[in-house]
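Subject: Structure handover

Hello,

Here is the structure I promised to pass on. My notes on what was found in it follow below.

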Amino acid sequence: MANLLNLERVSKAYGVRPLLTDVSLGIAVGERIGIVGRNGDGKTTLLEVMTGLEEPDSGRVSMTRGLHVGYLHQGDELVDTHSVREAVLGGMDDHEWAADFRTREVVEVLLAGVSLDRPVIGLSGGERRRCSLAALLLGDHDLIVLDEPTNHLDVEAVAWLAAHLVKRPSAMVVVTHDRWFLDEVCQWTWEVHDGVVDAYEGGYAAFVLAKAERTRQASASEARRQNLATKELAWLRRGAPARTAKPKFRIEAANALIADVPPPRDRLELQKFATQRLGKQVIDVEDVDLKRGERSLLTHATWRLGPGDRVGLVGVNGAGKTSVLALLAGDLEPSAGTVKRGRTISMRHLTQQLDDLDPDGRVLPMVESFRRVVKTDSGEISATSMLERFGFTGDKLTARIGELSGGERRRFQLLMLLLEEPNVLLLDEPTNDLDIDTLNVLEDFLDGWPGTLIVVSHDRYFLERVTDSVWALLGDGKISMLPRGVDEYLERRTASLQAAAAPASPGTSGQAVEPKRKLGGAEERTARKSMARLEKQLARVNAREAELNALILEHAQDYAKLADLSAELQQLHAQKDEFELEWLEVAEVLER
């Protein structure tokens, strides 16, 4: 069968810099292809040449006759004078679009909270982005081309989009740094680098394996990149959620490559160092109410963050995740209750804003004026080497901050924050505008960073990779721990939405839907006794955990004693997980 689209010996340069050199590729009917590569290496240029928006300098791009292509740009083509209804639905009335399940699903997920009669000119950047994506998905295309489609989507919407695209019959090409999304959706991965495009069969996990195999004989100058690839492969093979069953993963080759590679981070060792740096108290949120305007985000919420905790925070857009980070940082005061911070903490907060950098400053001089030598887990390195790790080389070292792209400024902002050597990090959407190579470097850095980490991110892969526990804002005013992580969050959100919709839906026999049975007095007393018992057990476990951490510090040089204490601490963590899971189950019973 002929391809839908072909590139034959295509070259494209900007100024003296070649981005594509003699590239030949094809896209077949129904193929789903992910494109990866460093920022600035030509991913978007490849999309624009493929779709005819840019002419190649040489070579040929051919399409089958009558091919319908839909393209989601990083900008948008919405008309400011249109309403959302006109821009997305062609002006259809509610009864028209709601009658079609496919249209209704797209609108309910992507335009949740957006009035269809609002003018486009009043929308935020994220709302415009979701409108553009919704309009594209409602079109009838043979090939859809998506440039960073997960930007401005929460974890829940990204999961929906992945499932939606897998079910579509159209071919797809997507540029994204969301590795979970790549693995979930794509059958092929194209890597754009140094003017060429290498094709790998499979999603992100298979790409990492195949690339590691190809570069096993890498030269010394590539040694660090190869080490990062192998470390990433070890993470994927050792149980990264939803990846280990991928059929194209060649288990034997993966095992051979990671035979001597330890887990990405030593959790116990990091916690020990974190306790030395931070002491026992880090941040205690006690009986806090938090409001923004008329909205109540937290009600009598209690949350304790200890030394070495690595926490991910999830919730729908607007649930209050950024506000909670601001509360922890002291930038936002609670309406009631208290937030206590340890005396030894040195906290840094990465916000989503990029306007805190001096646009006239230059990259290397700014870093060297702040710190010429940086301490890392592997020793001391120069500021220039640190900049190189984060992708600043050549003329970028002397570039003005104001001349950097959004992704480059984000990288620089993150680097400057890490140079301050904080022991508590609050990261609000740190993956925005970062390419996969830079994400690997950041993850590698955090693997050896001993401190307390709280991350808000829609990037599920990053969240699972760098944190040890996931907590959620579920709209009940609490911060709830999720023992099974993002999967549990999505399940609970689905159940919540179904429960909310149930009263509005007629029963199958035409009868009213029976309300949930309330607990009887005896049942409620039993449940409350169980909860009280579990809270006492958790308090004892937490107390013993603190004792063991103190003993580990005390006997740091006694390796036999240290091994015994470590073994007991691991057993204690397992016991704690069981108690917390049982507590959540009892809490759900009481909430009925």
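I begin with one residue in a helix. Thr 275 lies in helix H11, which runs over residues 267–278. Thr 275 has a relative accessible area of 11%, so the residue counts as buried. Its C-alpha is 8.3 Å from that of Ala 550, although the two residues are 275 positions apart in sequence. Please keep in mind throughout that this is a predicted model.

Overall make-up

The protein holds 20 helices and 20 strands. It has 592 residues, of which 51% count as buried. Of the contacts between residues at least 6 apart in sequence, 69% join residues at least 24 apart.

The sheet

One open sheet is built from 6 strands, in the order E14-E17-E18-E12-E19-E20, with mixed pairing. Strands E14 (347–350) and E20 (479–482) each have a single partner strand, so they stand at the edges and one side of each has no neighbour in the sheet. On average, neighbouring strands of this sheet are turned by 20° against each other, direction ignored. As background, strands of a sheet pair through backbone hydrogen bonds, in either a parallel or an antiparallel sense.

Within the sheet, strand E17 (residues 424–428) pairs with strand E18 (residues 452–456) in the parallel sense, over 5 bridges. Asp 428 has Val 456 in E18 as its bridge partner. Helix H15 (residues 406–419) packs on the sheet and touches E14 and E17; the direction of H15 makes about 175° with that of E14.

Helix H13

Which residues of helix H13 (residues 363–370) are buried? They are Val 363, Leu 364, Met 366 and Val 367. These residues lie on the same side of H13, because the arc they cover around the axis is only 165°. For reference, an α-helix has 3.6 residues a turn, so residues three or four places apart point the same way. The buried residues of H13 pack against helix H14 (383–389) and against H15, and H15 is also the helix that packs on the sheet.

Aromatic pairs

The structure holds 5 aromatic pairs. One of them is formed by Tyr 204 and Tyr 461, in an edge-to-face arrangement with 5.7 Å centre to centre and 85° between the planes. This pair links distant parts of the chain: Tyr 204 is in helix H8 (residues 204–214) and Tyr 461 is in helix H17 (residues 460–466), 257 residues apart. Both Tyr 204 and Tyr 461 are buried.

Another pair, Trp 303 with Trp 471, is tilted, with 5.7 Å centre to centre and 50° between the planes. This pair also links distant parts of the chain, with Trp 303 in strand E11 and Trp 471 in strand E19 (residues 469–473), 168 residues apart. Trp 303 has a relative accessibility of 1% and counts as buried. Trp 471, at 17%, counts as buried too, since the cut-off for buried is under 20% relative accessible area. Strand E19 is also part of the sheet described above.

Ring pairs also link Tyr 200, Tyr 204, Phe 207 and Tyr 461 into a cluster.

Charges over rings

Two cases are worth listing:

- Lys 12 lies over the face of Tyr 14, 5.5 Å from the ring centre.
- Arg 411 lies over the face of Phe 392, 5.2 Å from the ring centre.

Backbone angles

Where do positive phi values turn up in residues other than glycine? Arg 9 has phi near 50°, and His 300 also has phi near 50°. Arg 9 is found in strand E1 (residues 5–14), while His 300 is in strand E11 (residues 295–305). Are these residues buried or exposed? Arg 9 counts as exposed, at 56% relative accessibility. His 300, with a relative accessible area of 47%, is partly exposed. Strand E11 is also where Trp 303 of the tilted pair is located.

That covers the notes on this structure.

Regards

Conventions:
Residues are numbered from 1 along each chain as its sequence is written. This is a predicted model: local features need pLDDT of at least 70, side-chain atom pairs count only at pLDDT 80 or more; totals for chains, interfaces and linings use all residues. Side-chain values use heavy atoms; hydrogens and water are left out. Two strands pair if DSSP finds at least two bridges between them. Helices (H or I, at least four residues) and strands (E, at least two) are DSSP runs, numbered from the N terminus. Axes are lines fitted to C-alpha atoms, for helices over the stretch in contact, and angles run from 0 to 180 degrees between N-to-C directions. Contact means heavy atoms within 4.5 Å. Buried means under 20% relative accessible area, exposed over 50%, partly exposed in between (1.4 Å probe, protein chains only). Rings of Phe, Tyr and Trp (its six-membered ring) pair if their centres lie within 6.5 Å; planes under 30 degrees apart count as stacked, over 60 as edge-to-face and the rest as tilted. A charge sits over a ring if NZ of Lys or CZ of Arg is within 6 Å of the ring centre and within 35 degrees of the ring normal. The arc is that of the directions from the helix axis to the C-beta atoms.
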